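Welcome! Take a moment to turn the model around before reading on, and then let us walk through it together.

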Amino acid sequence: MTGPVLEVTNLVKHFPAGGRGTVHAVNDVSFTIGQGEVLGLVGESGSGKSTVGRAIMRLVDPTAGSIKLLGTDITTLSRARMRPLRRQMHMVFQDPYSSLNPRIPIGEIVAEPLRQHRWGDRRQIDRRVAEVFDQCGLRTELRHRFPHELSGGQRQRVGIARALSVNPKLLIADEPTSALDVSVRAAIINLLMDLQRDLGFSCLFITHDLSAVRFIADRIAVMYVGRLVEIGAGRDIFADPKMPYTQALLSAAPLPNPRRQRRRERILLGGELPSATRLPPGCAFHTRCPIAVGECRTEQPELVSYPGGESAHAAACRLIAQDGTAPHVARGSNRPGPRTFPLSTT
Ligand SMILES: Nc1ncnc2c1ncn2[C@@H]1O[C@H](COP(=O)(O)OP(=O)(O)OP(=O)(O)O)[C@@H](O)[C@H]1O
């Protein structure tokens with residue numbers, strides 16, 4: 001197979017808002033993930049990242065749009081027809097405390113998908129469990145322990161071992177480190193990176209952690225209240241963020257060199273994230289954008305591709321020049337300062 005592992009096209013997911021209208025969680029989102037590629041999905045809390053992951057996993061039914069896994073449209077496949085494809089994608093959840101069954105020893109937790117997908121006889125399954133334990137840095141003696149007997153980092157290793165046990169082509173990692181102590185986050189990110197490099201699976205890496213995404217992702221997609229507002233190679237997104245929202249988001253990301261960090265100034269955004277039940281007209285970011293103009297308040301910007309990057313770099317902002325030059329958003333100070341922002345354009 002030579003095409004993308006995953007193709008998400010015009011994905012929409014609405015939830016009823018309990019008599020208060022509709023939550024527009026995901027609006028017209030399209031992207032692909034190639035073989036062996038890691039796509040980082042970033043954006044503030046509530047921007048729709050997890051809903052995209054859950055829709056791909058068919059944990060929620062999309063309102064519209066299509067999802068193709070390994071060339072097969074899975075958007076509306078029945079459970080029975082979905083079963084053989086289920087093996088090809090697995091998810092690692094944010095919270096290893098609640099996502100592992102507390103009553104089952106961890107060896108059994110990791111063996112469960114192998115049994116479900118008829119990996120082999122008992123001995124073959126045992127061998128495979130030992131192998132993924134080893135790959136995920138878990139000692140074999142831990143097999144008989146229960147999740148509550150492990151540390152948070154070990155539990156997340158079990159979640160990863162479980163997801164990778166059947167050798168899926170696609171891993172969806174939804175904030176895999178955000179529930180963990182800062183001290184073990186780097187170890188889990190490094191483990192995922194090593195496994196991805198050695199095993200070659202594709203990955204949708206959903207995160208708030210911009211320093212992690214910088215290391216792990218080949219491409220980065222940025223969401224803002226349900227919409228994809230920028231997508232491109234990680235290097236291009238960090239070097240030349242085009243959309244003012246991406247510029248603001250990245251200005252808050254820790255730099256690998258802390259000396260430079262001290263000198264760097266952040267873009268301070270005023271206002272709040274709009275509610276997904278009442279999306280503003282035009283560009284949803286206009287209510288916080290320091291350089292929004294009249295059209296931004298009325299016209300929905302399309303994602304437009306700009307030349308020159310490592311791979312297609314697209315962004316949705318009317319203020320990007322035709323040649324792809326990003327609009328200049330003036331920077332504030334790193335010190336806690338005013339919540340609003342001096343207007344400035346070049
Ligand atoms: N089952 C649901 N019913 C109603 N609204 C939902 C449901 N799931 C998510 N939402 C809403 O959809 C929007 C997007 O939520 P989602 O969890 O996908 O965002 P997110 O970017 O992953 O946030 P976080 O980073 O906090 O996990 C939010 O407004 C959320 O409240």
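The paragraphs below visit the ligand, then an open sheet, and then a buried strand with its neighbours.

Please keep in mind that this is a predicted model. A good place to begin is the ligand. Which residues surround the ligand? Going along the chain, you will meet Phe15, Val23 and Ala25, then Gly43, then the run Ser45, Gly46, Ser47, Gly48, Lys49, Ser50 and Thr51, and finally Ala276. Two elements give two or more residues to this shell, namely β2, residues 22–33, and α1, residues 49–56. The biggest share comes from α1, which provides three residues. As for character, the shell holds seven polar residues, four nonpolar ones and one that is charged.

Both of those elements lead us to the next stop. Strand β2 belongs to an open sheet of four strands, and if you read across that sheet you find the order β2-β1-β4-β5, with antiparallel pairing. Which strands sit at the edges? They are β2 and β5, the latter being residues 72–73, and each of these pairs on one side only. At the β5 end, β4, made of residues 64–69, runs antiparallel to β5 and is joined to it by two bridges. To find one such place in the model, look for Lys68, whose bridge partner in β5 is Asp73. Now bring back α1 from the ligand shell: this helix lies across β1 (6–16), β2 and β4, and it runs at about 115° to β1.

Our last stop is strand β7, residues 170–174. Is this strand largely enclosed or open? Five of its five residues are buried, so the rest of the structure largely encloses β7. The side chains can be sorted by direction: Leu170, Ile172 and Asp174 point one way, while Leu171 and Ala173 point the other way, and all are buried.

Strand β7 also has pairing partners to trace. One is β6, residues 89–92, which runs parallel to β7 and is joined to it by four bridges. Here Val92 has Ala173 of β7 as its bridge partner. Another is β8, residues 202–207, also parallel to β7, with five bridges joining the two. In this pairing, Ile172 stands opposite Leu204 of β8. Finally, follow the chain from β7 through helix α6, residues 182–199, and on to β8: together these elements make a right-handed β-α-β unit.

Note on methods:
Residues are numbered from 1 along each chain as its sequence is written. This is a predicted model: local features need pLDDT of at least 70, side-chain atom pairs count only at pLDDT 80 or more; totals for chains, interfaces and linings use all residues. A residue is near a molecule or strand if its C-beta atom, placed from the backbone, lies within 6 Å of it. Ala, Val, Leu, Ile, Met, Phe, Trp, Tyr, Cys and Pro count as nonpolar, Asp, Glu, Lys and Arg as charged, and the others, Gly among them, as polar. Two strands pair if DSSP finds at least two bridges between them. Two residues are in contact if their C-beta atoms, placed from the backbone, lie within 7 Å. Axes are lines fitted to C-alpha atoms, for helices over the stretch in contact, and angles run from 0 to 180 degrees between N-to-C directions. A residue is buried if 20 or more other C-beta atoms lie within 10 Å of its own, exposed if 12 or fewer, and partly exposed in between; C-beta atoms are placed from the backbone. A crossover is right-handed if, with the strands pointing away from the viewer, the path from the first strand over the helix to the second runs clockwise.
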